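Work through the exercises below with the sequence and the model side by side, and try each task before you read its solution.

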Amino acid sequence: MSVSIKTAHEIELMREAGRLLNIVHKELAAAIRPGISTYELDKIGERVIRSFGCVPNFLNYNGFPASFCISVNDEVVHGIPKKGRILHEGDIVSVDAGLIYKGMHSDAARTYGVGKISPEAQQLIDVTKECFFRGIAYAKEGHHLHEISRAIADYAESFGYGVVRDLVGHGIGKALHEDPQIPNFRQKTRGIRLVKGMTLAIEPMINAGRADVEWLDDDWTVVTEDGSLSAHYENTILITDGEPEILSLTE
Ligand code: MG
């Protein structure tokens, strides 16, 4: 396994990629409402990405047919946007987005409530987001990868939630998915030692019920096996010798 260390120039490009991706997420968040289809959201987001002169990195990735992964309720990740998939009041929707800016990738995901949602659904969304922040408390030079995984798992499991094991976070840079893999569950080994200049996509995927997932017949959509709700939160971050810099969460 080789984990790439980014040059100052590459980091500058990834910072811009992350800044633009944050704008894409804000536009999508503003568009989410009961009655809109996941297809419409995909088109709105794609228009924003292309307005920056960027390319959506999920489009055609291993044949993925859309620019965003949009996953509703018990769908964990990799939902395919569809004209017939209409969002309803009370749904939760996970939007995973990525773009390429001058050859460098950015990747980030958020889960939103559609209209008024249940307190249970809101708690799942909030805890999943907090899992990310618990994890990156260890995303510093000198720490080991397993500390991030453990912090995410400990927090999610303290609520009785299931931590998805079949999908993991990843390094990111010139490619969307680079080494290392970043599990959200406890590891038996320490994993790599983190070094300044690594860029990582840390992405807890948390189920309200059990951790088990399955793939739908479209070969993309991952759903919870027990039908429970699932939430996702992800940012692209930069390891520094101090606090990590969250590249895809800027104001
Ligand atoms: Mg990712």
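**Exercise 1: The neighbours of strand β4**

Strand β1 (residues 55–56) pairs with β4 in the antiparallel sense over 2 bridges. Strands here are DSSP runs of E of at least two residues, helices are runs of H or I of at least four residues, both numbered from the N terminus, and two strands pair if DSSP finds at least two bridges between them. The model is a predicted one, in which local features need pLDDT of at least 70 and side-chain atom pairs count only at pLDDT 80 or more, while totals for chains, interfaces and linings use all residues. Residues are numbered from 1 along each chain as its sequence is written, and side-chain values use heavy atoms, with hydrogens and water left out.

Task: Establish which residues stand opposite one another where β4 meets β1, β2 and β5.

Solution. Step 1: begin with β1, where V55 has I100 as its bridge partner in β4. Step 2: turn to strand β2 (residues 69–72), which runs antiparallel to β4 and is joined to β4 by 4 bridges; here I70 stands opposite V95. Step 3: follow β4 into β5, to which 10 bridges join β4, again in the antiparallel sense, with I92 opposite G113. Step 4: inspect the connection, for β4 and β5 form a hairpin with 2 residues between them, and K102 in the turn has a positive phi of about 45°. Step 5: check the covering of strand β4 (residues 92–101), of whose 10 residues 9 are buried, that is, under 20% relative accessible area with a 1.4 Å probe and protein chains only, where over 50% is exposed and values in between are partly exposed.

**Exercise 2: An open sheet and a loop residue**

Task: Trace the order of the open sheet that contains β7 and β9, and decide whether T189 is buried or exposed.

Solution. Step 1: the sheet has 5 strands in the order β8-β7-β9-β14-β15, with antiparallel pairing. Its edge strands, β8 (178–182) and β15 (245–246), each pair on one side only. Step 2: within this order, strand β7 (residues 169–171) is joined by 2 bridges to strand β9 (residues 199–202), and G171 stands opposite L200 in β9. Step 3: locate T189 in the loop between β8 and β9; T189 counts as exposed because its relative accessible area is 57%. Step 4: compare positions in space, since the C-alpha atoms of T189 and I246, 57 residues apart along the chain, are separated by 26 Å.

**Exercise 3: Two pockets**

Task: Describe the lining of the largest pocket and of the second largest pocket.

Solution. Step 1: fix the term, a pocket being an open set of points on a 1 Å grid over the protein atoms alone, with protein on both sides within 12 Å along at least five of seven lines, and its lining residues having an atom within 4 Å of a point. Step 2: the largest pocket has a volume of about 440 Å³, and of its 24 lining residues Y61, H78, L167, H170 and H177 are the closest to the centre. The elements giving two or more residues to this lining are β7 and β8, and β8 contributes the largest share, 4 residues. Step 3: the second largest pocket has a volume of about 230 Å³ and 13 lining residues, with R110, Y112, K129, Y233 and L249 nearest its centre. Here α1 (8–31), β5 (104–113) and α3 (119–136) each give two or more residues, the largest share, 4 residues, coming from α1.

Step 4: sort both linings by class, counting Ala, Val, Leu, Ile, Met, Phe, Trp, Tyr, Cys and Pro as nonpolar, Asp, Glu, Lys and Arg as charged, and the others, Gly among them, as polar.

| Pocket | Nonpolar | Polar | Charged |
|---|---|---|---|
| Largest | 11 | 7 | 6 |
| Second largest | 5 | 4 | 4 |

Definitions and conventions:
On a 1 Å grid over the protein atoms alone, a cavity is a set of points where a 1.4 Å probe fits but cannot get out, and a pocket is an open set with protein on both sides within 12 Å along at least five of seven lines; lining residues have an atom within 4 Å of a point. Grid points are joined across faces, edges and corners, and a volume is the space filled by probe spheres set on the points.
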